[in-house]
Amino acid sequence: MAKKSSVLKNERRAALSLKYLPKRRELKALIKNPQTSPEDRAEAIKKLGALPRNSNPIRVTLRCAVTGRPRGNLRKFGLSRMQFRDKALKGELTGVVKASW
């Protein structure tokens, strides 16, 4: 089980990321647009840099929904590899069958 503080910090990052998403997209579009003047581009880069660091979606970590483990996660199920295996063997995951050949 991951520390509760780490899980909560990640949830705060996710919330902040969603809050600033429209502003970040607007500034990024302005920066990437070839018709933007160099002065406007520089201003947009400055504004983008002034946003909180945790508003960047890259800083949000994918964590296990059950344990909060940050590594070895399967995106499709939202579980770590160990929780996935336990739940799959117990038959708690729909459509997951143990391979045999």
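# Close-up views of a predicted model

**View 1. Arginine 13, a charged residue without a partner.** Let us begin with arginine 13, which sits in helix α1, the stretch covering residues 4-32. Please keep in mind that this is a predicted model. Does arginine 13 count as buried or exposed? Arginine 13 is buried, and yet it has no salt bridge. Glutamate 11 carries the nearest side chain of opposite charge, and that side chain is 12 Å away. A salt bridge asks for a nitrogen and an oxygen within 4 Å, so this distance does not qualify. What does lie by the side chain is the backbone oxygen of arginine 59, at 3.5 Å from one of the polar atoms of arginine 13. Setting aside residues up to four places away in sequence, arginine 13 touches Asn54, Arg59 and Val60.

**View 2. Arginine 24, a second buried arginine in helix α1.** Stay in helix α1 and you will find arginine 24 there. Arginine 24 is buried and has no salt bridge; its nearest side chain of opposite charge belongs to glutamate 26, 12 Å away. Which side chain makes a polar contact with the side chain of arginine 24? It is that of serine 55, at 3.4 Å. Beyond its neighbours up to four places away in sequence, arginine 24 touches Leu48, Leu51, Ser55, Asn56 and Pro57.

**View 3. The salt bridge between lysine 87 and glutamate 92.** How many salt bridges does a search of the whole structure find? The search finds one. Here the side chains of lysine 87 and glutamate 92 meet, with 3.4 Å from N to O. As a general idea, side chains of opposite charge can pair when their charged atoms come close. Take a look at how open the two partners are: glutamate 92 has a relative accessible area of 48%, so it is partly exposed. Lysine 87, with 23%, is partly exposed too.

**View 4. A tilted pair of phenylalanine rings.** The count of aromatic pairs comes to one. The pair is formed by phenylalanine 77 and phenylalanine 84, whose ring centres are 4.8 Å apart. Why is this pair called tilted? The planes of the two rings stand at 45°, and tilted pairs are those that are neither under 30 degrees nor over 60. Phenylalanine 77 is partly exposed, at a relative accessible area of 31%.

**View 5. The largest nonpolar core.** Six residues build this core: Tyr20, Leu27, Ile31, Ala44, Leu48 and Leu51. Both α1 and α2 (38-50) supply at least two of its residues. Which element gives the largest share? That is α1, with three residues. In general, nonpolar side chains in soluble globular proteins tend to be buried together. Tyrosine 20, a member of the core, is in contact with Leu51, Pro52 and Ser55 once neighbours within four places in sequence are left aside.

**View 6. Leucine 16 in helix α1.** Leucine 16 is another residue of helix α1. With a relative accessible area of 24%, leucine 16 is partly exposed. Not counting residues up to four places away in sequence, leucine 16 touches Pro52, Asn54 and Ser55. Lysine 3 is 13 residues away from leucine 16 in sequence, and their C-alpha atoms are 20 Å apart in space.

**View 7. Arginine 69 and what it meets in space.** You can find arginine 69 in the loop between α2 and β1 (73-74). Its relative accessible area is 28%, so arginine 69 is partly exposed. How far apart are the C-alpha atoms of arginine 69 and alanine 2? They are separated by 5.6 Å, although their places lie 67 residues apart along the chain as counted by sequence separation. Leaving aside neighbours within four places in sequence, the contacts of arginine 69 include Ala2, Leu62, Cys64 and Met82.

**View 8. Glutamine 83 in helix α3.** Helix α3 (residues 81-90) is home to glutamine 83. At 18% relative accessibility, under the 20% limit, glutamine 83 counts as buried. Apart from neighbours within four places in sequence, glutamine 83 is in contact with Cys64, Val66 and Thr67. Cysteine 64 is 19 residues from glutamine 83 along the chain, and 8.3 Å separate their C-alpha atoms.

Terms used: Residues numbered from 1 in each chain as written. Predicted model: local features only at pLDDT ≥ 70, side-chain atom pairs only at ≥ 80, totals over all residues. Heavy atoms only, no water. Helix = DSSP H or I, 4+ residues; strand = E, 2+ residues; numbered from the N terminus. Buried < 20%, exposed > 50% of the residue type's maximum accessible area, 1.4 Å probe, protein only. Lys, Arg positive; Asp, Glu negative; His and termini not counted. Polar contact = N/O pair within 3.5 Å; in protein donor to acceptor, adjacent residues only side chain to side chain. Contact = heavy atoms within 4.5 Å. Phe/Tyr/Trp six-rings, centres within 6.5 Å; stacked < 30°, edge-to-face > 60°. Core = buried A, V, L, I, M, F, W, Y, C linked by side-chain atoms within 4.5 Å.
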